[in-house]
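Biologist: I'd like a close look at one part of this protein, the sheet and whatever packs or pairs around it. Could you walk me through that in one go, without the jargon piling up?

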Amino acid sequence: MRFRTGNHSIVCPCCQNDSFDKDYRQLNTKAATLFNFDWANKDAVILTCQRCTYISWFMREPEIDRRTDSEN
């Protein structure tokens with residue numbers, strides 16, 4: 001799937017691919033883990049490149065890029 005942030009299409013910084021798988025990861029902190037409050041930690045969005053598997057991290061969720069190649 002293709003994604004964008006604002007008006008910019010996201011491309012892999014390693015291989016320039018523009019297809020990614022989206023997932024979520026928890027940003028753990030030592031204090032929250034120590035007191036069993038992992039549920040209170042923030043989540044980050046990760047996009048994994050479908051070609052080279054490079055992982056890009058985002059604090060705000062990127063939008064699905066529904067634009068065609070001629071619009072980019």
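Modeller: Here's a walk from the sheet outwards, through the core, the cysteines and the charged pairs.

Keep in mind that this is a predicted model. The protein chain has 1 helix and 6 strands, and from the N terminus on they run β-β-β-α-β-β-β. Of its 72 residues, 24% count as buried.

The part you're asking about is an open sheet of 3 strands, in the order S3-S4-S5, with antiparallel pairing. Strand S3 (20–26) and strand S5 (55–58) stand at the edges with a single partner strand each, so one side of each has no neighbour in the sheet. Neighbouring strands here are turned against each other by 30° on average, ignoring direction. Zoom in on S4 (residues 43–49) and S5, and you'll find 4 bridges joining these antiparallel strands. One pairing to look for is valine 45, whose bridge partner in S5 is phenylalanine 58.

That pair also takes us into the interior. Val45 and Phe58 both belong to the largest nonpolar core, a group of 8 residues that also takes in Phe3, Ile10, Cys12, Phe20, Leu47 and Cys49. S4 gives the largest share of this core, 3 residues. As a bit of background, nonpolar side chains in soluble globular proteins tend to be buried together.

While you're on S5, have a look at serine 56, which is found in that strand. Serine 56 is buried, with a relative accessible area of 12%. Leaving out its neighbours within four places in sequence, serine 56 is in contact with Pro13, Val45, Ile46 and Leu47. Val45 and Leu47 are also members of the core.

Now the cysteines, since a bench person will surely ask. Cysteine 12 is a core member, and beyond the residues up to four places away in sequence it touches Asn17, Phe20, Cys49, Cys52 and Tyr54. With cysteines among those contacts, how many disulfides does the structure hold? The count is 0. Take cysteine 14: its closest cysteine sulfur is in cysteine 12, 4.6 Å away, which is too far for a bond. Cysteine 14 counts as exposed, at 53% relative accessibility. For cysteine 15, the closest cysteine sulfur is in cysteine 49 at 3.6 Å, and that is also too far for a bond. The cut-off behind that verdict is 2.5 Å between the sulfur atoms.

Next come the charged pairs. Side chains of opposite charge can pair when their charged atoms come close. The count of salt bridges comes to 4, and I'll take you through some of them.

Start with glutamate 61 and lysine 22, whose side chains meet in a salt bridge at 2.5 Å, N to O. This pair links distant parts of the chain, with lysine 22 in strand S3 and glutamate 61 in the loop between S5 and S6, 39 residues apart. Both ends are partly exposed: glutamate 61 at 43% relative accessibility, lysine 22 at 36%.

Aspartate 18 forms a salt bridge with arginine 2, and their closest N and O atoms are 3.1 Å apart. Aspartate 18 sits in the loop between strand S2 (8–9) and S3, while arginine 2 is in the segment before strand S1 (3–5), so the pair ties together parts that are 16 residues apart in sequence. Aspartate 18 is partly exposed at 26% relative accessibility, and arginine 2 is partly exposed too, at 23%.

Arginine 4 and glutamate 63 also meet in a salt bridge, at 3.1 Å, N to O. Arginine 4 lies in strand S1 and glutamate 63 in strand S6 (residues 63–64), so this pair ties together parts 59 residues apart in sequence. Glutamate 63 is partly exposed, with a relative accessible area of 40%.

One more spot is worth a click. Glycine 6 is found in the loop between S1 and S2 and counts as partly exposed at 39% relative accessibility. Its C-alpha atom is separated by 8.3 Å from that of proline 62, 56 residues apart along the chain. For the chain as a whole, among contacts between residues at least 6 apart in sequence, 50% join residues at least 24 apart.

Key
Residues are numbered from 1 along each chain as its sequence is written. This is a predicted model: local features need pLDDT of at least 70, side-chain atom pairs count only at pLDDT 80 or more; totals for chains, interfaces and linings use all residues. Side-chain values use heavy atoms; hydrogens and water are left out. Two strands pair if DSSP finds at least two bridges between them. Helices (H or I, at least four residues) and strands (E, at least two) are DSSP runs, numbered from the N terminus. Axes are lines fitted to C-alpha atoms, for helices over the stretch in contact, and angles run from 0 to 180 degrees between N-to-C directions. A nonpolar core is a set of buried Ala, Val, Leu, Ile, Met, Phe, Trp, Tyr and Cys residues joined through side-chain atoms within 4.5 Å. Buried means under 20% relative accessible area, exposed over 50%, partly exposed in between (1.4 Å probe, protein chains only). Contact means heavy atoms within 4.5 Å.
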